[in-house]
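Could you walk me through this protein as one modeller to another? I would like short answers that show the reasoning.

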Amino acid sequence: MLSIYQWVNGSLREVVTPDGPCWINLADPSTEEILRVQTLTGVSREFLSDPLDRDERPRMDVDDDGTVLIVVHVPYHEPNENLHPFNTLPLGVVHTSNAVITVCNRPTPIAASFLDQIRRVCPPEQKFRFTFHLLWHAAILYLRYLRDIRQRADMVEQELHESISNEGLMRLLNIEKSLVYFTTSLKADDILLGRIRTTRQLDIDEDDLDVLEDVRIEYQQALEMASIHSNILTGTLDAFASIISNNLNNVMKFLTSMTIVLTVPMLIASIFGMNTWLPFASSGSTGFWIIMGVALLLIIVTVVFFSRRRFF
């Protein structure tokens, strides 16, 4: 999908063909759309295709003609995905002489949020400030998704407190995977933002650097939240694993104790079932009740012994 926006009367308006500085948004673009953007801006194809790779890492690249490529990881939420509803994907921001181009392999809510909030939008000719405001919206989206993840984790934990199930544990594991994706991407983004701030390849004025510092603070806050939630969730999973192991040990102790208790009368019955001379063989029914009494006494002693050691 290809969308082109220009600054008209203090806001971004979508146009068909730009006649000045513009913002070009490519979301899951086709080959024809990429070729059209190449024709309009003269940007190299690699700068438009590299961000479409799901494994592309956050980085910055400056071409010989002054074209700048900034690749960051942004969050996205897939409501229909049960395994990993929260993940990250690369977003490429390309600066040309007369345009800011954003490239992503799927539509993200960042563009819609960017268009809705006029306070954090500026003309595309202010390329770096425009880019930093866009990244600010990505950071806010990280924070929003992290709160959603924390709420989901709390709900699953409450369910597991009532009854531990494999389904609940798998849901917690999937949430932990989302936090790992977020933490890894936020660390890489923070390193990239620090490099942009200190590099001499880019001519960024002081006001734009102040905006970049605000953006970096938001990313660091999101990184700290993701790390805290990830550590808490890891501890929670370890606690549930310990509970499951402890419950299993208790069951095994009980079954072992019951096996020993039942072994006592079986041992006595086996001895008195041998085809040889045995005590009480000629005492009739009295001998039977004596043997049963001894077996019952041994069972009681064994049960008391295990009970005192809390095997039951």
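Here are some questions and answers about this model.

This is a predicted model, in which local features need pLDDT of at least 70, side-chain atom pairs count only at pLDDT 80 or more, and totals for chains, interfaces and linings use all residues. Residues are numbered from 1 along each chain as its sequence is written, and side-chain values use heavy atoms, with hydrogens and water left out.

Q: In what order do the helices and strands of the protein run from the N terminus on?
A: Happy to start there: helices (H or I, at least four residues) and strands (E, at least two) are DSSP runs, numbered from the N terminus. The protein has seven helices and seven strands. From the N terminus on, their order is β-β-β-α-α-β-β-β-β-α-α-α-α-α.

Q: Is the protein compact or spread out, and what is its radius of gyration?
A: The globule rule is 2.2 Å times the number of residues to the power 0.38, and the radius is taken over C-alpha atoms. For 312 residues the rule gives 20 Å, and the protein is well over that, so it is more spread out than a compact globule. The C-alpha atoms fill a box of roughly 120 × 40 × 35 Å along the principal axes. The radius of gyration is 34 Å.

Q: What share of the residues in the protein is buried?
A: Buried means under 20% relative accessible area, exposed over 50%, and partly exposed in between, with a 1.4 Å probe and protein chains only. Of the 312 residues, the buried share is 43%.

Q: How many disulfides does the count come to?
A: A disulfide is a pair of cysteine sulfur atoms within 2.5 Å. The cysteine sulfur closest to that of Cys 104 belongs to Cys 22, and because it is 19 Å away, it is too far for a bond. Cys 22 is buried at 3% relative accessibility, and Cys 104 is buried at 3% as well. The number of disulfides is zero.

Q: Which elements are included in what covers the buried residues of helix 3?
A: In helix 3 (residues 109-116), the buried residues are Ile 110, Ala 111, Ser 113 and Phe 114. They cover an arc of only 165° around the axis, so they sit on the same side of helix 3; the arc is that of the directions from the helix axis to the C-beta atoms. Contact means heavy atoms within 4.5 Å. The cover includes strand 2 (11-15), strand 3 (22-27), strand 5 (68-77) and helix 4 (127-162).

Q: Which residue's backbone oxygen does the side chain of Asn 105 reach?
A: Asn 105 lies in the loop between strand 7 (99-104) and helix 3, and counts as buried at 15% relative accessibility. Leaving aside neighbours within four places in sequence, Asn 105 is in contact with Asp 28, Leu 52, Arg 54 and Leu 89. At 3.5 Å, the backbone oxygen reached by the side chain is that of Leu 52.

Q: Which residues does Ile 196 touch, not counting residues up to four places away in sequence?
A: Ile 196 lies in helix 5 (residues 166-198). Ile 196 is buried, with a relative accessible area of 1%. The residues touched are Met 60, Ile 70, Phe 132, Leu 202, Ile 204 and Leu 212.

Q: How many Å apart in space are Val 261 and Val 304, C-alpha to C-alpha?
A: Val 261 belongs to helix 6 (residues 206-271) and is buried, with a relative accessible area of 6%. In sequence, Val 261 and Val 304 are 43 residues apart. Their C-alpha distance in space is 10 Å.

Definitions and conventions. A polar contact is a pair of N or O atoms within 3.5 Å; within protein, one must be able to donate a hydrogen and the other to accept it, and residues adjacent in sequence count only if both atoms are side-chain atoms.
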